[in-house]
Amino acid sequence: MTKYENQIPTSAGMDIKSLTSILRDSMRRHAERRPSENIPMKRYQTASVLEASDQPQVTWFGHSAFLLEIEGHRLLFDPMFGDRPSPVSWAGTKRFSKELPVQPEELPDLHAIVISHDHYDHLDVSSIRKLKHKTNRFIVPLGVRKRLIQWGIPAAQITEHRWGDEFSFAGLTLACTPARHFSGRGLLDRNSTLWCSWVIAGRETKVFFSGDSGYGPHFKEIGSRYGPFDLTLMECGQYDERWSNIHMMPEETVQAHLDVGGYALIPIHWGAFTLAYHAWNEPAERVTRAARTMNVPVITPMIGETVKLKDEEYTFRPWWRSEKE
């Protein structure tokens, strides 16, 4: 079986000491790990409001799922619309919100679905099956193609890529770029598929999606080769010092954004599920504080809210704070 590796040595923090402390934390009650009330959300009665705009725009659906509309094309990234990021429907952490901004089958037709890696919170079988008639192109890292074929996606509709691949797609240029993470959906398939970040470049707009990643030198390398970027969507959430090699801390998220040459930053990988031991809204607080310190324009849309790129005024609204605060 093929095994993939990171560019630099990367421990996932699974030594005996870390595992013992993780087990201890998992047995404690953490009231703030889930919101105590329904979080604000932009809901759509129909998907017609998501029709392509002349101006590039992004709609965030929570966690790392987002729709990028760029130069007349719709690309959907890491579409996890399921209730639980789990191999079974009856176990694992539940989505914060009982409802979604839009049902996946109600989305408009897509030019492509793009995947960063095969973890359950990024590659969801129920979502893929609901979306498979919305597009005839799936763009994935090496090894993920076989999973999609097993779920009924025609092989001819799937292209898979390694780090360093650059290719043209419908007038856009996409590049499969490194991330510092791992892969696997079971006990015996760890690192059997590749994980990656993505560069999306149009004629006038460039966007970077980090996928899941610990901080590392690959961000400066990507910036040197492909930057600057009008917008980055960067992992910020589900972090812990014990596994910071594979999930960035919020302050590192801002630094990675600067490393790739980003202008505006949308922090993602939060707001939908509890997968770590920090408060559910801590990622937003820490990343916005760090962004202010480093003079980075940070955009924090509600789940389902559409953000127009290159807008002269990005309005900061801390929607995740309680009205009592």
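This is a short tour of the structure, one selection at a time.

**The whole chain**

Start with everything shown as a cartoon, and keep in mind that this is a predicted model. The chain holds 6 helices and 13 strands. Of its 325 residues, 59% are buried. The exposed surface comes to about 14600 Å², with carbon and sulfur atoms supplying 49% of it. Among contacts between residues at least 6 apart in sequence, 70% join residues at least 24 apart.

**The open sheet**

Next, select the strands in the order S6-S5-S4-S3-S2-S1-S13, and you will have an open sheet of 7 strands with mixed pairing. Which strands stand at the edges? They are S6 (158-161) and S13 (306-308); each has a single partner strand, so one side of each is left without a neighbour in the sheet. From one strand to the next, the twist averages 20 degrees.

Now zoom in on S5 (residues 138-141) and S6: the two run parallel and are joined by 4 bridges. Click on isoleucine 139 and look across to threonine 159 in S6, which stands opposite.

**Helix H5 and what covers it**

Select residues 250-260 to bring up helix H5, whose buried residues are Pro250, Thr253, Val254, Ala256, His257, Asp259 and Val260. Show the surroundings too: the cover over these buried residues includes strand S10 (206-209), helix H4 (218-226), strand S11 (229-235), strand S12 (262-268) and helix H6. After H5 comes glycine 261, which has a positive phi near 85 degrees.

Stay here and show the side chains of glutamate 251 and arginine 286, which meet in a salt bridge of 2.8 Å, N to O. This pair links helix H5 with helix H6, across 35 residues of the chain. Glutamate 251 is partly exposed, at 31% relative accessible area.

**A threonine in helix H6**

Move along to helix H6 (residues 282-293) and pick threonine 288. Is threonine 288 buried or exposed? Its relative accessibility is 0%, so threonine 288 counts as buried. The side chain of threonine 288 reaches the backbone oxygen of glutamate 285 at 3.1 Å. Beyond its neighbours within four places in sequence, threonine 288 also contacts Val298, Thr300, Phe316 and Trp320.

**A buried tryptophan in a loop**

Jump to tryptophan 195, in the loop between strand S8 (172-177) and strand S9 (197-201). This residue is buried, with a relative accessible area of 1%. Leaving aside neighbours within four places in sequence, tryptophan 195 has contacts that include Tyr4, His117, Trp163 and Phe182. Look for asparagine 6 as well: its side chain and that of tryptophan 195 share a polar contact of 2.9 Å.

**Salt bridges to finish**

Side chains of opposite charge can pair when their charged atoms come close. How many salt bridges are there in this model? The count is 11.

Select arginine 147 and aspartate 189, whose closest N and O atoms are 2.9 Å apart in a salt bridge. Arginine 147 lies in helix H3 (residues 145-150) and aspartate 189 in the loop between S8 and S9, so the pair ties together parts 42 residues apart in sequence. Arginine 147 counts as buried at 11% relative accessibility, and aspartate 189 does too at 14%. Add Asp118 to the selection, and you have a network of salt bridges linking Asp118, Arg147 and Asp189.

For the last stop, choose glutamate 166 and arginine 225, which form a salt bridge of 2.8 Å, N to O. Here glutamate 166 is partly exposed at 42%, whereas arginine 225 is exposed at 55%.

Notes. Residues numbered from 1 in each chain as written. Predicted model: local features only at pLDDT ≥ 70, side-chain atom pairs only at ≥ 80, totals over all residues. Heavy atoms only, no water. Buried < 20%, exposed > 50% of the residue type's maximum accessible area, 1.4 Å probe, protein only. Polar contact = N/O pair within 3.5 Å; in protein donor to acceptor, adjacent residues only side chain to side chain. Contact = heavy atoms within 4.5 Å. Pairing = 2+ DSSP bridges. Axes fitted to C-alpha atoms, helices over the stretch in contact; angles between N-to-C directions. Areas by Shrake-Rupley, 256 points an atom, 1.4 Å probe, with all protein chains shown as cover. Salt bridge = Lys/Arg side-chain N within 4 Å of Asp/Glu carboxyl O.
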